[in-house]
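Trainee: I am new to this structure and would be grateful for a close look at a single part of it. Please explain how one helix is set among its neighbours, and then relate that part to the rest of the chain.

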Amino acid sequence: AYILDHPEVLPEAMQRLQEREIANRIAPLRAALEAPYPGAVLGNPRGSVVLVEFADYACPFCRQSVGDVEALIAANGDLKVVLREDPVLSPESADAARMALAAADQGRFPAFHKAMYAQDGVSAQTIAAAARAAGLDLAEAQAAIAAGKYESELENNRRLAATIGFSGTPSWVVGNQGFAGAVGKDALDDAIAQARNEARSKDGKTS
């Protein structure tokens, strides 16, 4: 009877149900989600608050979110951003993702990440240009790619995204909250603050 009298509560109820379902999917995966491919991290590598981004270099909304992530890092010294390469748009996306992981192996991930998004699109030429701009040893990177070194990482990222229910990029995980799309700096900042407060509360209970 209350719902019939107040149908406006239904959208909010559905949103809360969806948020709860996503949180339930994230919880058992959280350790795996927050464990980066070695070196594929932005911000504070030892940060106590973790923002996970599933991204594709060919995704215009991921490109749109670069400034948001940079602003969040600048404003939160304890923020560790784990980049999960999730190339869903094209074969060239996958090539860029493999080169990003090769950059991580060489300790050049942040430089490649920035250089790749500065390129005009994703192609063999722009991937190579970004790799050179980031100072990669291209021969070493190409050898690792040819050997299939990064395929299991890409498959794992796709599996994690699918398990949570993400079907596109960018997608985000902060604590037990998940978001799809270019949700903006403010929404992510609020989630980071909530995750930080939850961690502090948990530490207080266990200490």
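Mentor: The account that follows centres on helix 6 and then turns to other places in the chain.

The model is a predicted one. Its protein chain contains 10 helices and 5 strands. The chain has 207 residues, of which 40% count as buried. Contacts across the sequence are also worth noting at the outset: among those between residues at least 6 apart in sequence, 75% join residues at least 24 apart.

Helix 6 spans residues 109-118. Its buried residues are F109, F112, H113, A115, M116 and Y117. What, then, covers the buried residues of helix 6? The cover includes three strands, namely strand 1 (41-43), strand 2 and strand 3 (79-85), together with helix 4, helix 5 (91-105) and helix 7. Two of these neighbours, helix 7 and helix 4, deserve separate treatment. Two packed helices are described by the angle between their axes and the distance between the axes.

Consider helix 7 to begin with, which comprises residues 124-133. The axes of helix 6 and helix 7 come within 8 Å and cross at roughly 140 degrees. An angle over 145 degrees would count as roughly antiparallel; helix 6 and helix 7 are therefore oblique to each other. Their crossing is right-handed. On the side of helix 6, the residues that take part are F112, A115 and M116, and they meet T126, I127, A130, A131 and A133 of helix 7. By class, the residues of this contact between helix 6 and helix 7 comprise 7 nonpolar and 1 polar, with no charged residue.

Helix 4 (60-75) provides the second case. Helix 4 and helix 6 pack at an angle of about 125 degrees, and their axes are 10 Å apart. Helix 4 and helix 6 are therefore likewise oblique to each other. Here, however, the crossing is left-handed. C62, R63 and V66 of helix 4 make the contact with M116, Y117 and A118 of helix 6. The residues of the contact of helix 4 with helix 6 divide into 5 nonpolar and 1 charged, with no polar residue. M116 thus takes part in the contact with helix 7 and in the contact with helix 4.

The aromatic residues form the next topic. A search of the whole structure finds 4 aromatic pairs. One of them brings together F54 and F166, whose ring centres are 5.8 Å apart and whose planes stand at 65 degrees, so this pair is edge-to-face. The pair of F54 and F166 links distant parts of the chain, 112 residues apart: F54 belongs to strand 2 (residues 49-55), and F166 to the loop between helix 9 (151-164) and strand 4 (171-174). F54 is buried, with a relative accessible area of 0%. F166 also counts as buried, at 6% relative accessibility.

Another pair returns us to helix 6. The rings of Y57 and F112 have centres 5.9 Å apart and planes at 85 degrees, so they too form an edge-to-face pair. These two residues are 55 residues apart, with Y57 in the loop between strand 2 and helix 4, and F112 in helix 6. Both Y57 and F112 are buried. Y57 and F112 also belong, with Y117, to one aromatic cluster. F112 is thus a member of that cluster and one of the residues by which helix 6 meets helix 7.

The loop that holds F166 has a further feature. P170 is placed in the loop between helix 9 and strand 4, and a cis peptide bond joins T169 to P170, with omega at about -5 degrees. By way of background, most peptide bonds are trans.

Two residues outside helix 6 complete the account. I26 lies in helix 2 (residues 9-26) and is buried, with a relative accessible area of 0%. The C-alpha atoms of I26 and Q177 are separated by 7.6 Å, although the two residues are 151 residues apart along the chain. Leaving aside residues up to four places away in sequence, I26 touches L33, I164, V173, G175, N176, Q177 and G178.

E140, by contrast, is found in helix 8 (residues 138-146) and is partly exposed, with a relative accessible area of 44%. A separation of 10.0 Å lies between the C-alpha atoms of E140 and A103, which are 37 residues apart along the chain.

Conventions
Residues are numbered from 1 along each chain as its sequence is written. This is a predicted model: local features need pLDDT of at least 70, side-chain atom pairs count only at pLDDT 80 or more; totals for chains, interfaces and linings use all residues. Side-chain values use heavy atoms; hydrogens and water are left out. Axes are lines fitted to C-alpha atoms, for helices over the stretch in contact, and angles run from 0 to 180 degrees between N-to-C directions. Helices (H or I, at least four residues) and strands (E, at least two) are DSSP runs, numbered from the N terminus. Angles under 35 degrees count as roughly parallel, over 145 as roughly antiparallel, 65 to 115 as roughly perpendicular and the rest as oblique. A crossing is left-handed if the near helix is turned anticlockwise from the far one by less than a right angle, and right-handed if clockwise. Contact means heavy atoms within 4.5 Å. Ala, Val, Leu, Ile, Met, Phe, Trp, Tyr, Cys and Pro count as nonpolar, Asp, Glu, Lys and Arg as charged, and the others, Gly among them, as polar. Rings of Phe, Tyr and Trp (its six-membered ring) pair if their centres lie within 6.5 Å; planes under 30 degrees apart count as stacked, over 60 as edge-to-face and the rest as tilted. Buried means under 20% relative accessible area, exposed over 50%, partly exposed in between (1.4 Å probe, protein chains only).
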